[in-house]
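Please open the model in a viewer and keep the sequence panel in view. The tour moves from paired strands to a helix and then to a pocket.

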There are 2 protein chains.
Amino acid sequence: MTAAAPTLDAYAELAVQVGLNLQPGQDMLIIADLEHAELTRAVARKAFEAGARFVDVDYRDARLARIRADLSPDESLGWSPPHHVQQIHDLAARSGAIVQISAPPDPTIFEGADGERLARNAEVEWRRAYLKEVTEGRFNWVIVAGPTPAWAQRVFGEPDVDRLWRAIADAVRLDEPDPPAAWREHVERLDRRAAALNAHDFDAMHLRGPGTDLRVGLPESAIWDSASMQTAWGLTYVPNMPTEEIFTTPHAARVDGVVRSTKPLVLLGQLVRDIEMRFEGGRAVDVQAAEGEDVLRESMATDENASRLGELALVDNDSRVGRTGLTFYDTLFDENAASHIAYGEGLPFAIDGGQELTWEEREQLGVNHSAVHVDFMIGSPELDVDGIERDGTAVPVMRGGDFILG
Amino acid sequence: MTAAAPTLDAYAELAVQVGLNLQPGQDMLIIADLEHAELTRAVARKAFEAGARFVDVDYRDARLARIRADLSPDESLGWSPPHHVQQIHDLAARSGAIVQISAPPDPTIFEGADGERLARNAEVEWRRAYLKEVTEGRFNWVIVAGPTPAWAQRVFGEPDVDRLWRAIADAVRLDEPDPPAAWREHVERLDRRAAALNAHDFDAMHLRGPGTDLRVGLPESAIWDSASMQTAWGLTYVPNMPTEEIFTTPHAARVDGVVRSTKPLVLLGQLVRDIEMRFEGGRAVDVQAAEGEDVLRESMATDENASRLGELALVDNDSRVGRTGLTFYDTLFDENAASHIAYGEGLPFAIDGGQELTWEEREQLGVNHSAVHVDFMIGSPELDVDGIERDGTAVPVMRGGDFILG
């Protein structure tokens, strides 16, 4: 017997109630590719039922993105129309909520595209506005997955959307008798892990695995965070569904050693596989990939700090996502299957009092500042992690991909 | 032998080259329901190939509109997010171009909806901004049709999209060996008709047919216009494809008599059939419809002047659309099958020098000012039209639906 595929409505309700924790009277924006129209509408209905004042939808079209990447004149490639940036700032000013419905785009759409032009096509100004408001806690937001035939094809070798739905349902606990209750318990477990690391006040983390020997310095006031976040006005929400990680913000100038990715990354629609990087003084000084190296290099050259780290996250072998045994080819899932790092924008909320500081003050503390934020996986059942105390003592945190602290 | 369905590319090219007359360096916006994604992309490609600087797309979702109509709280029903209004003003400031891809929405989507809430759901502020910029000639724009299974179902009783494509191809002259040349010739013929009426400087028009006996006064400086228009900066374009009409703007206070519609109208997704109206002193004082009367009445109550006329258009029996013998249940087509009137916003460009006047000055001349503009068909092979000279002489213009002047 196999479980029935979860209904769109159940997933939409989880996104609105547990993910966003949407409050009556809030305005909401849904960002979705048009192939997710059905889930988008289910989320809109659940939002109104939960008391949303207004539901706006920003439908994206990956095929249109390809047309722009191919045909836009140079001067407007990646240009953000001002009204589009305004949409984000207006919603922030009204303390709104954002649901992103996400899936890896159909790889055939971006086949043969120019990686450099794809990277430049990424609406940097819009992303900068979005990241600014998100890092300042001006929204409650959540990213949920929208299954598609192309995605199922990539994961299973056949376009079995029902099977992908079931895998997602597993990862987001929709198979539990009371999914919201299961989520509360899960969030508490992750909070305990983060608290255990915070009790130590580590100066750095040392990660070792096949191809990886990386020392990641932490800002003095760094905090380990987990599933739930708070908006600037104090609303608690769960921004990723699924989520299995605890994470913090690295010191932009204190990362040294080598790292090798353990899962593929989909970046601007292109597959990037077998990444190897060497860091010196915080900067990636050598970047290689067996596939997609050009789009990776362009992305890491977006601005001066795009080649420095903005996130370190630890994920246990016990992860619901990891236990599916699947590679989802999608960061939302794969980052929750394994420990990972992200280059680019750091996490101001992972610094004590960081949301109240200016970016200049945050950078002085070591938080990286960039217009990109891209996660890639370095965890595996062979990963060992130590926390390094300020006196140099190494405290075992993970062994063979399992938490032994927290 | 039947003609092959026209390619999306050929239609997209006609829209960009002949409809918009897109100039290199222009920004373009495509407004389309997401079920027209394929045609949208074809238009985007043709626009870039013609030198567009940037192509923006505003994807609409009729099913989301239904969700809003059903579930929006009263206070935000029909609310326009400021950034959405901004999109229109920004594009106008950059002298951009707009392509609207249009189709009657699937009637099942709006089945059972509350007509009053549907009418209020219509983003009045966005429409006002759009009408303002359009009537001031700040865009070149074109409306083209996007066939859908639901539309074909309504027209033919079966979802035969290919057959609908062929009918559209016929109506927009894609069956001609050189469609752009055929369009140039067609536009010149309509221009001659308009010129013949303008040579007379009529004080009013008198329309007679079954259920119709209507005298439509014209502003003193009224002009008959046809297929092509000019932007404020002097670019000539063809805003409707198909187009078969010559038209002018009525005097808002000088319309008297009765009128009966000859084709159904789709208004905010609802079918409105067998409209009967009586006008006194320019205002519709009695409004009835065999079907859809509530949504019609709400639409005509949008604002103070929504119940006065904004357009009078004459269409010959020779119309390409009329000759298909089809009812398309879509204004873009059906208004070009038969003579028609529109209630709501008048046409400032159909007044000599009208685009340079303020709305106060236009209203003094008799141009109607409203946030809506809705056409419905009153023409048939039984329609007779006279032009009334300033001395009261009646000049025959149409007999039995055929032009005999011009």
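Two strands pair if DSSP finds at least two bridges between them; strands (E, at least two residues) and helices (H or I, at least four) are DSSP runs, numbered from the N terminus. This is a predicted model, in which local features need pLDDT of at least 70, side-chain atom pairs count only at pLDDT 80 or more, and totals for chains, interfaces and linings use all residues. Residues are numbered from 1 along each chain as its sequence is written, chains are lettered from A in the order in which they are written, and side-chain values use heavy atoms, without hydrogens and water.

Select strands E5 (residues 204–209) and E6 (residues 212–217) of chain A, which run antiparallel and are joined by 6 bridges. A:Met205 has A:Val216 in E6(A) as its bridge partner. Between the strands of this hairpin lie 2 residues, and A:Gly211 takes a positive phi near 80°. Add strand E10 (residues 255–260) of chain A, antiparallel to E6(A) and joined to it by 4 bridges; here A:Val216 stands opposite A:Val255.

Next, select helix H7 (residues 124–135) of chain A. Its end C-alpha atoms are 16 Å apart, which agrees with the 16 Å expected for 12 residues at 1.5 Å a residue, the expected span being 1.5 Å times one less than the number of residues. Among its buried residues (under 20% relative accessible area, 1.4 Å probe, protein chains only) are A:Trp126, A:Tyr130 and A:Leu131. After H7(A) comes A:Gly137, with a positive phi near 70°.

Finally, turn to the lining of the second largest pocket, with 6 nonpolar, 6 polar and 3 charged residues; Ala, Val, Leu, Ile, Met, Phe, Trp, Tyr, Cys and Pro count as nonpolar, Asp, Glu, Lys and Arg as charged, and the others, Gly among them, as polar. A pocket is an open set of points on a 1 Å grid over the protein atoms alone where a 1.4 Å probe fits, with protein on both sides within 12 Å along at least five of seven lines; lining residues have an atom within 4 Å of a point.

How values were computed
Buried means under 20% relative accessible area, exposed over 50%, partly exposed in between (1.4 Å probe, protein chains only).
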